[in-house]
Amino acid sequence: MSFSHSPQSIANGFISMSRNIYLTSTVGMAMFGYSSSFKLNISQISIRILSIGVFAFSLIYLLNTTNSFKKYIKNLEEENPELPYYIDIKSWKTFVLINYIYLAFLAIIILFSCIRTSNFIGNKF
């Protein structure tokens, strides 16, 4: 069985992209927390809105990455029903599941961030 691509390289790329997503969403969390250190309400609101934008970017990036890798796994299984032992599809599917769990977690964070920001705007103006 010969591959014109390296499945392991693609899996490594997926894991790298997942790490970037986790780091990006952490930046959003830090920005949201940092927003409360401003004295001006408009600055607080601006940073909170920017952090929600970072969260949204992370969520979209996560969704695209995970769906693409899931599709790759499906195509790989269909084209090569007897994969070599070193291509561990089962653990790859676990990584996809972990990303979907993080996607739900990130969606909840975005929802609460939006609610908290809208409450803040309502109370200050």
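## A charge over a ring

In this structure, which is a predicted model, Arg-48 is placed over the face of Phe-120, at a distance of 4.5 Å from the ring centre. This contact between a charged side chain and an aromatic face is a convenient entry to the model, and the sections below turn to the cores, the rings, the salt bridge and the surface.

## The nonpolar cores

The largest nonpolar core is built from 10 residues, namely Ala-11, Phe-14, Phe-69, Tyr-72, Ile-73, Leu-76, Ile-87, Ile-89, Trp-92 and Val-96. Two or more residues are contributed to this core by each of helix 1 (7-34), helix 2 (41-79) and helix 3 (89-124), and the largest share, four residues, is that of helix 2. Apart from this set there is a second, separate core of nine residues, among them Tyr-102, Leu-103, Leu-106 and Ile-110.

Two members of the second core can be described individually. Leu-103 belongs to helix 3 and is buried, since its relative accessible area is 18%, a value that falls under the 20% limit for a buried residue. Ile-110 also has its place in helix 3, and with a relative accessibility of 15% this residue likewise counts as buried.

## Aromatic pairs

Eight aromatic pairs are present in the structure. One of them joins Phe-14 and Phe-69, whose rings are stacked, with 4.1 Å from centre to centre and 10° between the planes. Because Phe-14 is part of helix 1 and Phe-69 part of helix 2, this pair ties together parts of the chain that are 55 residues apart in sequence. Both partners are shielded from the surface by the accessibility criterion: Phe-14 counts as buried at 2% relative accessibility, and Phe-69 is buried with a relative accessible area of 4%.

Phe-69 also pairs with Tyr-72, and since the ring centres are 6.4 Å apart and the planes meet at 20°, this pair too is stacked, the planes being under the 30 degrees that the term requires. Here the two partners both lie in helix 2, three residues apart, which is about one turn of the helix, and Tyr-72 is buried, as is Phe-69. Taken together, ring pairs link Phe-14, Phe-69, Tyr-72 and Trp-92 into a cluster, and these four residues are also listed among the members of the largest nonpolar core.

## The salt bridge

How many salt bridges does a search of the whole structure find? The search finds one, in which the side chains of Glu-77 and Lys-93 meet with a nitrogen-to-oxygen distance of 3.0 Å. Since Glu-77 lies in helix 2 and Lys-93 in helix 3, the pair ties together parts that are 16 residues apart in sequence.

Are the partners of this bridge buried, partly exposed or exposed? Glu-77 is partly exposed, with a relative accessible area of 30%, and Lys-93, at 43% relative accessibility, also counts as partly exposed; both values lie between the 20% and 50% limits.

## A nonpolar patch on the surface

Ile-108, Leu-111, Phe-112 and Ile-115 together make a nonpolar surface patch of about 400 Å². Phe-112, which is found in helix 3, counts as exposed because its relative accessibility is 54%, a value over the 50% limit. Helix 3 therefore holds the exposed Phe-112 as well as the buried Ile-110.

## Distances along the chain and in space

Three pairs of residues relate separation in sequence to separation in space, with the distances taken between C-alpha atoms. Ile-110 and Val-54 are 56 residues apart along the chain, and their C-alpha atoms are separated by 9.7 Å. Ile-47, a residue of helix 2 that counts as buried at 18% relative accessibility, is 19 residues from Gly-28 in sequence and 9.6 Å from Gly-28 in space, C-alpha to C-alpha.

The remaining pair involves Leu-103 and Asn-80, which are 23 residues apart in sequence and 29 Å apart in space by the C-alpha atoms. Leu-103 is the buried residue of helix 3 described above, and it is included in the second core together with Ile-110.

Terms used:
Residues numbered from 1 in each chain as written. Predicted model: local features only at pLDDT ≥ 70, side-chain atom pairs only at ≥ 80, totals over all residues. Heavy atoms only, no water. Core = buried A, V, L, I, M, F, W, Y, C linked by side-chain atoms within 4.5 Å. Buried < 20%, exposed > 50% of the residue type's maximum accessible area, 1.4 Å probe, protein only. Patch = residues over 30% accessible without salt bridge, like charges linked within 9 Å, V, L, I, M, F, W, Y side chains within 5 Å. Areas by Shrake-Rupley, 256 points an atom, 1.4 Å probe, with all protein chains shown as cover. Salt bridge = Lys/Arg side-chain N within 4 Å of Asp/Glu carboxyl O. Phe/Tyr/Trp six-rings, centres within 6.5 Å; stacked < 30°, edge-to-face > 60°. Lys NZ or Arg CZ within 6 Å of the ring centre and 35° of its normal.
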